[in-house]
Amino acid sequence: VMPTGAGKTRLFVEVVALRLARAPRALVVVHRVELLRQAAERLGERVGAEHVGLIAPGARPRPSAPVQVGTVQTLLARDLPPADTVVLDECHHYAPGSPEWASVLGHYGQALLLGVTATPERSDGSPLGDVYGELIVGAHYSELLASGALVPCVVLQPPDALGSRGLALDPVEAYQRHGEGRTGFVFCRDIEHADSVAAQLTAAGVPSASVTAETPPDVRAARIAALASGALRLLTSVQALTEGVDVPSASVCILARSPGH
């Protein structure tokens, strides 16, 4: 368990690399394409790109590669590869109570299982102890802030709870008043709202685009790259950019959704 930005990907990459000498097959399981690409790139840097295969829609299989990175959806639809080390990224999402996950975890009963997450709890409140025997805290927020690994946040919020009254400020006005020209993200209440806010921001001279569940993967990747390069100032989103996004230059976040959304 480590906070966002603490280096969970780097940690499991090192674990996989160190174990390859005596446990020659590894599998990294992710649930989003962005996480797949990040894990594959980092593993390729550490063990060599030729030793990493992808198991995902549209990816060319490399079954002989000792390290496989796969999306959970594709793994459940195909034959599971052999593995001595299994890493579950964002492991709080996985529900072993379901028949599908029970079959996956049962298949790798003899493997070393490592789960990584910043939030060690499931949305339904059920424990992770039915899968993992030990919880290891790699670092605390206070330690990472003190060391300079994480940047402290400046939080601007209304003086009292708004309840059902909506937002304290219009998202465009909020950015113009407080955004300081920074790049970052706007989290909206639904897809229509995300598209609308992106259009309003762009019309106000702040180049923006939306990334939602309806955004094709290649367009999503291009828009994230545009944010990283500064070609876009903001990305609006609905639960699509909460995990697996690595844009170090981004430094502003607008919550444009009321507690009821």
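**A walk through a predicted model**

Hello everyone, let me start with a pocket: by class, the lining of the second largest pocket holds 13 nonpolar, 4 polar and 2 charged residues. Here Ala, Val, Leu, Ile, Met, Phe, Trp, Tyr, Cys and Pro count as nonpolar, Asp, Glu, Lys and Arg as charged, and the others, Gly among them, as polar. Please keep in mind that this is a predicted model, where local features need pLDDT of at least 70, side-chain atom pairs count only at pLDDT 80 or more, and totals for chains, interfaces and linings use all residues. Residues are numbered from 1 along each chain as its sequence is written, and side-chain values use heavy atoms, with hydrogens and water left out.

Back to that pocket. A pocket is found on a 1 Å grid over the protein atoms alone, as an open set of points where a 1.4 Å probe fits, with protein on both sides within 12 Å along at least five of seven lines; lining residues have an atom within 4 Å of a point. The volume of the second largest pocket is about 450 Å³, a volume being the space filled by probe spheres set on the points, with grid points joined across faces, edges and corners. Which residues lie nearest its centre? They are Val1, Leu114, Gly115, Glu134 and Ile136, out of 19 that line the second largest pocket. Two elements, H1 and strand E5 (112-116), each give two or more residues to this lining. E5 provides the largest share, 5 residues. When I say helix or strand, I mean DSSP runs numbered from the N terminus: helices are H or I with at least four residues, strands are E with at least two.

While we are on E5, let me introduce Leu112, which is found in that strand. Leu112 is partly exposed, at 36% relative accessible area. For these words, buried means under 20% relative accessible area, exposed over 50%, and partly exposed in between, with a 1.4 Å probe and protein chains only. Leaving aside neighbours within four places in sequence, Leu112 is in contact with Arg19, Asp84, Thr85 and Val86; contact means heavy atoms within 4.5 Å. Leu112 and Ala83 are 29 residues apart in sequence, with their C-alpha atoms 9.0 Å apart in space.

Now to the inside. Nonpolar side chains tend to be buried together in soluble globular proteins. A nonpolar core is a set of buried Ala, Val, Leu, Ile, Met, Phe, Trp, Tyr and Cys residues joined through side-chain atoms within 4.5 Å. In this model the largest one has 20 residues, and those with the most contacts inside it are Phe12, Val16, Val28, Leu43, Val52, Val67 and Val69. H1, strand E1 (26-30), H2 and strand E3 (67-71) are the elements giving two or more residues to this core. Which element gives the largest share? That is H2, with 6 residues. Take Leu43: beyond its neighbours within four places in sequence, Leu43 is in contact with Val13, Val16, Val28, Gly48, Val52, Val67 and Val69. Apart from this core lies another, of 16 residues, among them Val29, Ile55, Leu88 and Val104.

Ile55 turns up again with Thr74, a residue of helix H3 (residues 72-77). Thr74 is buried, with a relative accessible area of 7%. Leaving aside neighbours within four places in sequence, Thr74 is in contact with Ile55, Ala56 and Pro57.

On to charges. Side chains of opposite charge can pair when their charged atoms come close. A salt bridge here is a side-chain nitrogen of Lys or Arg within 4 Å of a carboxyl oxygen of Asp or Glu, and the count by this rule comes to 6 salt bridges. One of them joins Glu14 and Arg46, whose closest N and O atoms are 2.9 Å apart. Glu14 lies in helix H1 (residues 8-19) and Arg46 in helix H2 (residues 33-47), so this pair ties together parts that are 32 residues apart in sequence. Glu14 is partly exposed at 32% relative accessibility, and Arg46 is partly exposed at 38%. Another salt bridge links Glu41 and Arg42, at 3.8 Å from N to O. Is each partner buried, exposed or in between? Glu41 is partly exposed at 47%, whereas Arg42 is buried at 17%.Last come two backbone angles. Most residues other than glycine have a negative phi. Glu90, in the loop between strand E4 (85-89) and helix H4 (99-107), has a positive phi near 50°. Glu90 is buried, at 11% relative accessible area. Glu180 has a positive phi near 55° and counts as exposed, at 63%.
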